[in-house]
Amino acid sequence: MTDVLVNPSLLARKNIATGLLLAFLGSIAFSGKAIIVKLAYRYGVDAVTLIMYRMLFALPIFALMAWWATYRQGGVRKPALTTLDWGGVIGLGVSGYYLASFLDFAGLQYVSASLERLILYLNPTLVMGLGWLLYRKRIARRQVLAMAVSYSGVVLVFGHEITLQGGQTALGALLVFLSALFYAIYLVYSGELVQRLGSLRLVGLATTVACLCCIAQFLVLRPLAAAMVAPEVIGLSVLNATLCTAVPVLMVMMAIERVGAGVTAQTGMVGPMSTILMGVLILGEPFTAWVAVGTVLVIVGIFLFTRVPRVPAT
């Protein structure tokens, strides 16, 4: 029997290629969420009902993820969560997934999918701003310049859209920006908990909390009769919960394992472009020079922002 010799460098290249593909597909899948939400709104459903259905169908997936990370991952049962851990999980689930998701869904009622994705893409700058505000971490001048470039791109697209759509665009942009802010809060405060619980376990538990919050919100704010929606809304919600929520979460985590968080984040720059393309092809949203220039500014600004070396904390 002949031993098969495996070239380590070949395996490494395949691993990197697989990681890049996972990051690429995960970013595109995430960006499809806005398209599906905009399609569902065409059937007269509101944000409270729509996000309830998304989280209802996603709940079993995330609960299974949390169970696997606790009892099966690595073949060793993880320690039980302390009261402090549960407080952190609930707080992060409410801010990072429940509020961020609901505000995003609400904002999509008033703004285009393209503008929504560009605003959410400012998230790294919000994380940096919170680090400066909460921990007095210094920000390099080049990062300030990069932030200015990105925000000018969003302002350009926003100004064009508000001219066409009116004052509701301002409300929608504010809601989406608040969504990005709450997710940035999640990222800032999740670091220590990730170290203790692991990323898969934390994501599974925090998103399970968010799913329960969205379902409870519907039961409090809407009569049960409001759950009677068009069959198309149910189908789109299943697609949103799986293809645009659970699947990309796993893809991105697998990509980070293979190529690291930095490369995965850089590959994620395809997200805004894929959202704009799907918005044009599927939703019929206009693609103008304003949108093109604004998108380029946002992507270039975020690229420069993430390329700047971190400044040591004071």
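**Entry 1: Ser95**

I began with Ser95, which I found in helix α3, and I kept in mind throughout that the model is a predicted one. Ser95 has a relative accessible area of 11%, and because buried means under 20%, I entered Ser95 as buried. Leaving aside residues up to four places away in sequence, I listed what Ser95 touches, and the list reads Ala100, Phe182, Tyr183 and Tyr186.

**Entry 2: the aromatic rings**

Two tyrosines on that list led me to the ring pairs, and I noted that the structure holds five aromatic pairs. One of them joins Tyr97 and Tyr186, with 5.0 Å from centre to centre and 65 degrees between the planes, and I recorded this pair as edge-to-face. I then asked myself which helices the two rings belong to. Tyr97 lies in helix α3 (residues 83–107) and Tyr186 in helix α7 (residues 168–197), so the pair ties together parts that are 89 residues apart in sequence.

I also looked up whether each partner is buried or exposed. Tyr97 is buried at a relative accessible area of 14%, and Tyr186 is buried as well, with a relative accessibility of 4%. Tyr183 belongs to the picture too, since ring pairs link Tyr97, Tyr183 and Tyr186 into a cluster. Returning to my first entry, I noted that Tyr183 and Tyr186 of this cluster are among the residues that Ser95 touches.

**Entry 3: Tyr41**

Next I turned to Tyr41, which lies in helix α1, a helix that runs over residues 8–41. Tyr41 has a relative accessible area of 15% and is therefore buried. When residues up to four places away in sequence are not counted, Tyr41 touches Asp46, Ala47, Leu50, Phe105, Ala106, Leu108 and Gln109. I also wrote down a long-range distance for this residue: Tyr41 and Val233 are 192 residues apart in sequence, yet their C-alpha atoms are 8.4 Å apart in space.

**Entry 4: Leu221**

I looked up Leu221 in helix α8, which covers residues 199–221. At 48% relative accessibility I had to enter Leu221 as partly exposed. The C-alpha atom of Leu221 is separated by 8.1 Å from that of Val48, although the two residues are 173 residues apart along the chain.

**Entry 5: the whole chain**

I then stepped back to the protein as a whole and asked how many helices and strands it has. I entered 11 helices and zero strands, and read along the sequence the pattern is α-α-α-α-α-α-α-α-α-α-α. The radius of gyration is 20 Å, close to the 20 Å that the globule rule gives for 314 residues, so the protein is as compact as a globular protein of that length. For the extent of the C-alpha trace along its principal axes I noted about 70 × 50 × 50 Å.

The long-range pairs in my earlier entries made me look up the contacts overall, and I found that, of the contacts with a separation of 6 or more, 90% are between residues 24 or more positions apart. Buried residues make up 46% of the 314 residues.

**Entry 6: surface and charge**

Last, I noted that the protein exposes about 15900 Å², of which carbon and sulfur atoms supply 70%. For the charged side chains I recorded 21 positive and 10 negative, and the centres of these two sets lie 10 Å apart.

Note on methods:
Residues are numbered from 1 along each chain as its sequence is written. This is a predicted model: local features need pLDDT of at least 70, side-chain atom pairs count only at pLDDT 80 or more; totals for chains, interfaces and linings use all residues. Side-chain values use heavy atoms; hydrogens and water are left out. Helices (H or I, at least four residues) and strands (E, at least two) are DSSP runs, numbered from the N terminus. The radius of gyration is taken over C-alpha atoms; the globule rule is 2.2 Å times the number of residues to the power 0.38. Buried means under 20% relative accessible area, exposed over 50%, partly exposed in between (1.4 Å probe, protein chains only). Contact means heavy atoms within 4.5 Å. Accessible areas come from the Shrake-Rupley method with a 1.4 Å probe; for residues, only the protein chains shown count as cover. Lys and Arg count as positive and Asp and Glu as negative; His and the chain ends are not counted. The place of a charge is taken as NZ of Lys, CZ of Arg, CG of Asp or CD of Glu. Rings of Phe, Tyr and Trp (its six-membered ring) pair if their centres lie within 6.5 Å; planes under 30 degrees apart count as stacked, over 60 as edge-to-face and the rest as tilted.
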